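You asked for a note on the charged side-chain contacts in this model. The points below follow the structure.

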Amino acid sequence: MSTRSIIVITGDGKHGTAQTIRLYKHSDGYPTGNLPIIAEALTKAKEQCKETNERFQIDNPRTPSVEQVTGLLIGSATDSYGMGARLDDDGDGKTAVYNEKFKPKHLGNQGDLEWVYIVNLDNNTVKVFGGGYTGDGPQRAYKKGVVDPREYANQLKDEYQANELQEIETAIKAVEDTGFKLNPKRKSKKKNKPMESTEDTIAKIVHVLVPFKASA
C-alpha cells in the first residue's frame, strides 16, 4: 500500500513576494523516502544560487526561492517509474499555489495522508507531522505538532528497525548539513524567576503562622 504524503514549501518566490506551494507524493512518503529528496533539493538550490551570485556579482545575493526548491524537489522525486511528486490541487481544479506565507489551510484536506512535511525558506526549517495513518487529516496532524521521524522505525518489524533508524539518522544529517534545522525546539518565552532567599521564605511562613493582633 502506498504511503501518501504532502510537502509544502513556503517563503519568498522568485520575485521576492510571499508564496506557498504544496506537492503531493503518492508513494514512499515516510522519512527515508522524503527527507533525502528534501535535502537534495535544498543542496542543489543553494549551489545554484551561489553559482549565480558569483557569476553575476549580484548586489543582493540570491537565496533559494519557493519555485526553485519546488522544481528541484519534483526532479529529485523522479525516477524510472515517473514523477514521484507533483503539484497538488484543492479538488476544484485550482493548483495548490498560494501567493502568501504558509497558513494551515494550505495543507488541504486529504484524509488518507500519513506524513506532512513543511519546508520553510524564511527560517530555514523542515518540520515533520503525522507519523502514519490515523485518519486525522493534514490540518489536525499539524495542530498536534511535530513528530520525531525516528519513531517511524518502531512501526517496522524488529529485524528492520536498526537499519531503518540508521537511514533516518543519515537523512536528518543530510537535511541539517544544508543549514536547515529539522523540528527545531521552540524557545521558551518564560523568564526564570530569581530564587527566593531563605530569610524571605521564613518570613512568609511566620507571617502565615503568627496570628494578626489588632491594636487596642
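1. A residue counts as buried under 20% relative accessible area, as exposed over 50%, and as partly exposed in between. The model is predicted. Glu 40 has a relative accessible area of 34%, so by these cut-offs Glu 40 is partly exposed.

2. Glu 40 is one side of a salt bridge whose other side chain is that of Lys 44, with an N to O distance of 3.1 Å. Lys 44 is also partly exposed, because its relative accessibility is 35%. Both residues belong to helix 1, which covers residues 31–56. Lys 44 and Glu 40 are four residues apart there, about one turn of the helix.

3. A salt bridge also links Glu 100 and Lys 105, where the closest N and O atoms are 3.7 Å apart. What is the exposure class of Glu 100? Its relative accessibility is 24%, so Glu 100 is classed as partly exposed. Lys 105, at 52% relative accessibility, is classed as exposed.

4. Asp 136 and Arg 140 form a salt bridge through their side chains, at 3.7 Å from N to O. Arg 140 counts as exposed because its relative accessibility is 52%.

5. Which residues are joined into one network by salt bridges that share partners? They are Arg 22, Arg 86, Asp 88 and Asp 90.

6. For the overall count, searching the whole structure gives 14 salt bridges. Among them are the Lys 44 and Glu 40 pair, the Glu 100 and Lys 105 pair, and the Arg 140 and Asp 136 pair.

Note on methods: Residues numbered from 1 in each chain as written. Predicted model: local features only at pLDDT ≥ 70, side-chain atom pairs only at ≥ 80, totals over all residues. Heavy atoms only, no water. Salt bridge = Lys/Arg side-chain N within 4 Å of Asp/Glu carboxyl O. Helix = DSSP H or I, 4+ residues; strand = E, 2+ residues; numbered from the N terminus. Buried < 20%, exposed > 50% of the residue type's maximum accessible area, 1.4 Å probe, protein only.
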